[in-house]
Amino acid sequence: MNKLLINSGVLCAAILGLTSYVGAAPVYLNNTNISVAVGSGTSPGSFNNTFSGGNTIEKVIDAPSATATEFHNQNTHIWFTADNIGGGLELLFDFGQEYDINTLHFWNYTSESYDVDNINFTFFNSSNTQVGTLGVQPALGSSPGILAQDIVLAAPLNVQFVTAFLTGDNRQVDFQNLGFTAEVSTPRPNPVPEPGLVSLLALGLLGMLVGGRSRLL
Ligand SMILES: [Ca+2]
Ligand SMILES: [Ca+2]
């Protein structure tokens with residue numbers, strides 16, 4: 001076989017190896033891959049029947065997908081009533097690793113009398129360094145089947161921990177789920193090619209030069 005052809009093959013293989021590094025696919029984060037807890041920043045108030053019947057705060061992240069429909073009942077929703085205006089519920093999310101958030105999903109209650117009116121988010125990376133904040137005034141939930149409102153975000157990146165403070169203008173905080181679609185963060189800056197690949201590429205280039213010269217001779 002022609003030496004130039006062989007060396008071109010080696011070169012192509014090396015280039016393919018370098019360019020095969022691609023970002024991870026977006027995933028919906030729920031109770032199968034993240035955790036949620038009630039934060040100590042929660043105001044004095046009542047959880048009403050949120051925890052009755054053995055239910056836990058995991059009800060916040062139990063939607064199977066971002067497009068899931070949820071119906072309002074004692075086993076699906078969270079209902080917190082703050083003692084004072086301005087008081088609210090604090091939730092702490094732990095993603096287990098850093099993600100770049102693409103979309104925020106929120107399944108709100110269906111009427112103004114109990115729905116969530118404002119959410120203040122604070123985002124932190126794996127070192128617990130703050131990487132962003134966001135204020136959201138969510139829409140009312142659809143009825144009777146409650147679908148998520150999707151809020152597309154260009155950032156934040158490299159998020160592992162999220163704090164969300166949810167309030168209602170009338171002290172009521174009632175909703176079904178809070179979710180995120182995100183991609184596992186890639187190391188930044190872009191990773192350096194492995195030494196083996198660099199050597200292979202150099203070898204391919206050298207081979208092409210030698211091969212080209214021998215054809216000229
Ligand atoms: Ca739920
Ligand atoms: Ca309201």
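**Reading a predicted model: strands, calcium sites and aromatic pairs**

Q: How many bridges join strand S6 to strand S7, and in which sense do these strands run?
A: In this predicted model, strand S6 (residues 118-124) and strand S7 (residues 130-136) are joined by six bridges and run antiparallel. One position to look at is Thr 122, which stands opposite Thr 133 in S7.

Q: What do S6 and S7 form, and how many residues lie between them?
A: The two strands form a hairpin, with five residues between them. In the turn, Asn 128 has a positive phi of about 65°.

Q: Which residues does Asn 120 contact, leaving aside its neighbours within four places in sequence?
A: Asn 120 is found in strand S6. Its contacts of this kind are Leu 134, Gly 135, Thr 163, Ala 164 and Phe 165. The side chain of Asn 120 also makes a polar contact of 3.3 Å with the side chain of Asn 118. A distance in space may be set beside a separation in sequence: Asn 120 and Gln 137 are 17 residues apart in sequence, and their C-alpha atoms are 8.9 Å apart in space.

Q: Is Asn 120 buried, exposed or partly exposed?
A: Buried means under 20% relative accessible area and exposed means over 50%, with partly exposed in between. The relative accessibility of Asn 120 is 40%, so this residue counts as partly exposed.

Q: What does the secondary structure of the whole chain come to?
A: The chain has two helices and ten strands. Along the sequence they follow the pattern α-β-β-β-β-β-β-β-β-β-β-α. Of the 217 residues, 41% count as buried. The chain exposes about 11200 Å², of which carbon and sulfur atoms supply 59%. One may also ask how contacts are spread along the sequence: among those with a separation of 6 or more, 84% are between residues 24 or more positions apart.

Q: Which residues coordinate the calcium ion (ligand 1)?
A: To read a metal site, one lists the donor atoms and then finds their residues in the sequence. Here the donors are Lys 59 (O), Asp 62 (OD), Glu 70 (OE), Glu 70 (OE), Thr 76 (O), Gln 176 (O) and Asn 177 (OD1), at 2.4 to 3.0 Å from the calcium ion (ligand 1). The spacing of these donor residues in sequence is K-x2-D-x7-E-x5-T-x99-Q-N. Glu 70 lies in the loop between strand S3 (45-46) and strand S4 (78-82), while Asn 177 lies in strand S10 (residues 172-184), so this pair ties together parts that are 107 residues apart in sequence. Glu 70 is buried, because its relative accessible area is 9%, and Asn 177 is buried at 1%.

Q: Where is His 77 found, and what does it contact?
A: His 77 is found in the loop between S3 and S4. Leaving aside neighbours within four places in sequence, His 77 is in contact with Asn 49, Lys 59, His 72, Asp 174, Phe 175 and Gln 176. A polar atom of the His 77 side chain lies 2.7 Å from the backbone oxygen of Asn 73. With a relative accessibility of 3%, His 77 counts as buried.

Q: Which protein donors does the calcium ion (ligand 2) have?
A: They are Glu 112 (O), Glu 112 (OE), Asp 115 (OD), Asp 117 (OD) and Asp 117 (OD), lying 2.3 to 2.8 Å from the ion. The donor residues are spaced E-x2-D-x1-D in sequence. Glu 112 counts as partly exposed at 45% relative accessibility, whereas Asp 117 counts as buried at 11%.

Q: How many aromatic pairs does the structure hold?
A: There are eleven. To classify a pair, one considers the distance between ring centres and the angle between planes. The rings of Phe 93 and Phe 180 have centres 5.4 Å apart and planes at 85°, so this pair is edge-to-face. The pair links distant parts of the chain, with Phe 93 in strand S5 (residues 88-108) and Phe 180 in strand S10, 87 residues apart. Both residues are buried: Phe 93 has 2% relative accessibility and Phe 180 has 0%.

Q: Is the pair of Phe 106 and Phe 175 stacked or edge-to-face?
A: Planes under 30 degrees apart count as stacked. Phe 106 and Phe 175 form a stacked pair, with 25° between the planes and 5.3 Å from centre to centre. Phe 106 in strand S5 and Phe 175 in strand S10 are 69 residues apart, and the pair links distant parts of the chain.

Q: Which residues form one aromatic cluster?
A: The members are Phe 93, Phe 95, Tyr 99, Phe 121, Phe 123 and Phe 180.

Conventions. Residues numbered from 1 in each chain as written. Chains lettered and ligands numbered in written order. Predicted model: local features only at pLDDT ≥ 70, side-chain atom pairs only at ≥ 80, totals over all residues. Heavy atoms only, no water. Donors = N, O, S within 2.8 Å, 3.2 Å for Na, K, Ca; no water. Buried < 20%, exposed > 50% of the residue type's maximum accessible area, 1.4 Å probe, protein only. Helix = DSSP H or I, 4+ residues; strand = E, 2+ residues; numbered from the N terminus. Polar contact = N/O pair within 3.5 Å; in protein donor to acceptor, adjacent residues only side chain to side chain. Contact = heavy atoms within 4.5 Å. Areas by Shrake-Rupley, 256 points an atom, 1.4 Å probe, with all protein chains shown as cover. Pairing = 2+ DSSP bridges. Phe/Tyr/Trp six-rings, centres within 6.5 Å; stacked < 30°, edge-to-face > 60°.
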